[in-house]
Amino acid sequence: MDRSDLQRLTKEELIDLVLRMQRPDKTSRTSSKPPSSDRKERRDKAKPGGAKPGHKGHSRALSEDADRIIDHHPNQCPCCRASLSNDLPAETVSEHNKIELPAIRPLIERHRRLAVRCPSCGTLVVAAVPDAAKGTPFGPRVHAVATYLKTFQALSYERLQGAFANLFGLTISQGGLMNMLRRAQGAFAAECDKAVAALRRAKVIASDETGVRIEGSNAYHWVFRCPEAVVHQAAPTRGAVVVRTLMDGHRPDVWCSDRYAAQQGHANAHQTCLAHLARDVAYADEASEDMLPSRLKRWLQRAFA
């Protein structure tokens with residue numbers, strides 16, 4: 001906004017603009033912004049890093065199962081220069097682990113169908129098609145690693161493809177990885193159904209949603225929790241239709257969430273998420289000169305205690 005834009009504003013609009021500029025910036029303590037977005041404190045006010053004075057140090061414990069043990073013997077006495085043979089009685093002074101990952105390369109089995117001519121009648125007999133030739137060439141461990149890296153480590157298909165190439169020397173197309181994850185879904189179907197069933201009979205459900213990128217498009221990651229299960233649901237919309245579809249008509253006694261409109265009206269009673277409320281009250285306390293936010297903040301602190 002430049003000078004000409006400001007000159008076109010009315011007096012009331014200018015007052016609102018100045019008041020907005022005087023409000024404190026929202027931080028991770030007073031909003032849903034991540035801690036990484038907070039402005040860092042000045043270095044002279046920041047706490048020093050490292051262990052605190054008096055902290056007892058810890059070292060890595062020795063592994064109980066060593067794959068190989070190598071003994072290091074002294075070979076010469078520093079006092080008299082006599083040679084020391086390895087069969088002399090020895091005692092352990094200290095032990096140290098050397099840890100390394102083994103070289104990882106894919107184990108490839110090549111199955112060949114052979115044909116043999118019968119010596120009795122001359123018929124050319126071909127072996128049956130082996131199971132290895134049916135379906136995908138990738139085994140269950142490859143499927144498991146792809147599923148883990150994609151879901152738990154949230155790698156994109158491009159980075160997942162690079163991980164297989166760089167870590168394992170295995171070339172897989174992005175389409176092949178996508179098909180692999182589709183096949184892996186079947187292994188989770190039964191547990192997924194059990195989790196959804198537990199959610200649909202729960203008396204108390206807590207829910208939240210956040211924006212997420214899926215296949216290059218904006219989408220939403222919904223989370224529903226009850227005492228027996230946690231259900232994650234990806235959806236292209238942030239609307240209440242996601243809740244209605246997942247609940248399939250079930251109406252719990254209490255629904256716990258923030259005050260977003262799509263999270264309202266799904267239970268007999270609604271419990272506002274106290275963490276969200278405390279965050280909003282903290283910002284109101286910073287931005288307002290009114291006593292109400294301060295009193296509500298103290299009341300919430302007593303309630304949490």
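**Close-up views of a predicted model**

**View 1. At 57% relative accessibility, A154 is an exposed residue.** The model shown here and in every other view is predicted. A154 counts as exposed because its 57% is over the 50% cut-off. The residue sits in a loop. On one side of that loop is helix α3, residues 140-151. On the other is helix α4, residues 157-168. The backbone of A154 has a phi near 55 degrees. That value is positive, and A154 is not a glycine.

**View 2. R81 is a second residue with positive phi.** Its phi is near 70 degrees, and R81 is likewise a residue other than glycine. Where does R81 lie? It is found in the loop that runs between α2 (11-22) and β1 (115-117). Is R81 buried or exposed? Its relative accessible area is 58%, so R81 is exposed. R81 also falls within residues 75-122, the span that UniProt lists, in an unreviewed entry, as "domain: Transposase IS66 zinc-finger binding".

**View 3. N97 shares the loop between α2 and β1.** With a relative accessible area of 38%, N97 is partly exposed. That label applies because 38% is neither under 20% nor over 50%. Which residues does N97 touch, leaving out those up to four places away in sequence? They are A61, L62 and S63. A66 is 31 residues from N97 along the chain. The C-alpha atoms of N97 and A66 are separated by 8.4 Å.

**View 4. The span 75-122 holds no helix.** Helix makes up 0% of these residues, and strand makes up 6%. The C-alpha atoms at the two ends of the span lie 73 Å apart. The zinc-finger binding annotation for this span comes from the unreviewed UniProt entry.

**View 5. A133 lies in the loop between β2 and α3.** Strand β2 covers residues 124-126. A133 has a relative accessible area of 52%, so this residue is exposed. P293 is 160 residues away along the chain. In space, the C-alpha atoms of A133 and P293 are separated by 69 Å.

**View 6. Residues 137-304 carry a second domain annotation.** The unreviewed UniProt entry names the span "domain: Transposase IS66 central". Helix accounts for 50% of the span and strand for 21%. Its end C-alpha atoms lie 55 Å apart.

**View 7. A198 is a buried residue of helix α5.** The helix covers residues 174-199. A198 has 4% relative accessibility and counts as buried, because 4% is under 20%. What does A198 contact beyond its neighbours within four places in sequence? The partners are C226, E228 and A229. A234 gives a further reference point, 36 residues from A198 in sequence. From C-alpha to C-alpha, A198 and A234 are 19 Å apart.

**View 8. H221 lies in strand β4.** The strand covers residues 217-226. H221 is partly exposed, with a relative accessible area of 29%. Setting aside neighbours within four places in sequence, H221 is in contact with D208, E209, T210 and V212. H232 and Q233 are also among its contacts. A284 is 63 residues from H221 in sequence and 28 Å from it in space, C-alpha to C-alpha.

**View 9. H276 in helix α7 is buried.** Helix α7 covers residues 274-287. H276 has 17% relative accessibility, which means it counts as buried. Not counting residues up to four places away in sequence, H276 touches D208 and D258. D208 is also in contact with H221.

**View 10. The last view steps back to the whole protein.** How many helices and strands does the protein have? There are eight helices and seven strands. The C-alpha trace spans about 100 × 85 × 50 Å along its principal axes. The radius of gyration is 32 Å, whereas a compact globule of 305 residues would have one near 19 Å. Of the 305 residues, 19% count as buried. The accessible surface comes to about 24600 Å², and 53% of it belongs to carbon and sulfur atoms. Positive side chains number 46 and negative ones 34. The centres of these two sets lie 3 Å apart. Among contacts between residues at least 6 apart in sequence, 36% join residues at least 24 apart.

Key
Residues are numbered from 1 along each chain as its sequence is written. This is a predicted model: local features need pLDDT of at least 70, side-chain atom pairs count only at pLDDT 80 or more; totals for chains, interfaces and linings use all residues. Side-chain values use heavy atoms; hydrogens and water are left out. Helices (H or I, at least four residues) and strands (E, at least two) are DSSP runs, numbered from the N terminus. The radius of gyration is taken over C-alpha atoms; the globule rule is 2.2 Å times the number of residues to the power 0.38. Buried means under 20% relative accessible area, exposed over 50%, partly exposed in between (1.4 Å probe, protein chains only). Contact means heavy atoms within 4.5 Å. Accessible areas come from the Shrake-Rupley method with a 1.4 Å probe; for residues, only the protein chains shown count as cover. Lys and Arg count as positive and Asp and Glu as negative; His and the chain ends are not counted. The place of a charge is taken as NZ of Lys, CZ of Arg, CG of Asp or CD of Glu. UniProt positions are given in the numbering used here, feature names are shortened, and annotations may be inferred rather than shown by experiment.
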